[in-house]
Amino acid sequence: MLHEFHALLSSFQQLTQQINFQRTRLEAAQELLRDRYLRLQVLDGDVIEQYLQALNTYYRVAVDNIEAESEHWKLHIRL
């Protein structure tokens, strides 16, 4: 029982670190999206494709963040 608790606590702590990392990734993706949007407003060329790639990256990182938060809450409930 105690071993299981320590294993869950360790997983919880790892997920906490992962969430912090995911938030940093999400902030970076959001900034990239903002940059690509601004470029889209003033530049010609392949900026639409770059904007859509940044948007896709942002959504992918956001999903990763939600999944990490979900796992974190599941472990929180078990503790």
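**Exercise 1. Work out whether Glu31 is buried, partly exposed or exposed, and find its salt-bridge partner.**

Solution. Start with the area: in this predicted model, Glu31 has a relative accessible area of 40%. Buried means under 20% and exposed means over 50%, so Glu31 lands in the partly exposed class.

Next, look for the partner. Glu31 forms a salt bridge with Arg34, and their closest N and O atoms sit 2.8 Å apart. Run the accessibility check on Arg34 too: at 44%, Arg34 is partly exposed.

Last, place the pair on the fold. Both Glu31 and Arg34 belong to helix H1, three residues apart, which is about one turn of the helix.

**Exercise 2. Take the salt bridge between Arg23 and Glu69 and say which parts of the chain it links.**

Solution. First, the general idea: side chains of opposite charge can pair when their charged atoms come close. For Arg23 and Glu69, the closest N and O atoms are 2.8 Å apart. Now the locations: Arg23 is in helix H1 and Glu69 is in helix H2, with their positions 46 residues apart in sequence, so this pair links distant parts of the chain.

Then check the cover on Arg23. Its relative accessibility is 39%, so Arg23 counts as partly exposed. For the tally, the chain has seven salt bridges.

**Exercise 3. Start from the salt bridge of Arg36 with Asp35 and find the network it belongs to.**

Solution. Begin with the pair itself: Arg36 and Asp35 form a salt bridge, with the closest N and O atoms 3.0 Å apart. Now compute the exposure class of each end. Arg36 comes out at 21% relative accessible area, so it is partly exposed. Asp35 comes out at 26%, again partly exposed.

Finally, follow the shared partners. Salt bridges join Asp35, Arg36 and Arg39 into one network.

**Exercise 4. Classify the ring pair Tyr37 and Tyr51 as stacked, tilted or edge-to-face.**

Solution. You need two numbers here, since a pair of aromatic rings is described by the distance of the centres and the angle of the planes. By the ring rule, the chain has two aromatic pairs. For Tyr37 and Tyr51, the centres are 6.0 Å apart and the planes meet at 55°. Stacked would need planes under 30 degrees apart and edge-to-face over 60, so this pair is tilted.

Where does the pair sit? Tyr37 is in helix H1 and Tyr51 is in helix H2 (residues 47-78), so the rings tie together parts that are 14 residues apart in sequence. Tyr37 itself has 42% relative accessibility, so it counts as partly exposed.

**Exercise 5. Describe the surroundings of two polar residues, Gln22 and His72.**

Solution. Take Gln22 to begin with. Gln22 is in helix H1 (residues 2-42), and its relative accessibility of 6% makes it buried. Its side chain makes a polar contact with the side chain of Arg25, at 3.2 Å. Skipping residues up to four places away in sequence, Gln22 touches Val61, Asp64, Asn65 and Ala68.

Now do His72. This residue is in helix H2 and is buried too, with a relative accessible area of 15%. The His72 side chain makes a polar contact with the side chain of Thr16, at 3.0 Å. Leaving out neighbours within four places in sequence, His72 is in contact with Phe12, Leu15, Thr16 and Ile19.

**Exercise 6. Decide whether the chain is a compact globule or more spread out.**

Solution. Count the elements: two helices and zero strands. The radius of gyration is 18 Å, well over the 12 Å that the globule rule gives for 79 residues, so the chain is more spread out than a compact globule. The C-alpha box fits that picture, at roughly 65 × 15 × 15 Å along the principal axes.

Next, look at the burial: 22% of the 79 residues count as buried. The accessible surface is about 6,000 Å², and 56% of it belongs to carbon and sulfur atoms.

Then check the contacts. Among those between residues at least 6 apart in sequence, 76% join residues at least 24 apart. For a sequence-versus-space example, try Gln13 and Ile77: they are 64 residues apart in sequence and 14 Å apart in space, C-alpha to C-alpha. Gln13 lies in helix H1 and is partly exposed, with a relative accessible area of 45%.

Notes
Residues are numbered from 1 along each chain as its sequence is written. This is a predicted model: local features need pLDDT of at least 70, side-chain atom pairs count only at pLDDT 80 or more; totals for chains, interfaces and linings use all residues. Side-chain values use heavy atoms; hydrogens and water are left out. Helices (H or I, at least four residues) and strands (E, at least two) are DSSP runs, numbered from the N terminus. Buried means under 20% relative accessible area, exposed over 50%, partly exposed in between (1.4 Å probe, protein chains only). A polar contact is a pair of N or O atoms within 3.5 Å; within protein, one must be able to donate a hydrogen and the other to accept it, and residues adjacent in sequence count only if both atoms are side-chain atoms. Contact means heavy atoms within 4.5 Å. Rings of Phe, Tyr and Trp (its six-membered ring) pair if their centres lie within 6.5 Å; planes under 30 degrees apart count as stacked, over 60 as edge-to-face and the rest as tilted. The radius of gyration is taken over C-alpha atoms; the globule rule is 2.2 Å times the number of residues to the power 0.38. Accessible areas come from the Shrake-Rupley method with a 1.4 Å probe; for residues, only the protein chains shown count as cover. A salt bridge is a side-chain nitrogen of Lys or Arg within 4 Å of a carboxyl oxygen of Asp or Glu.
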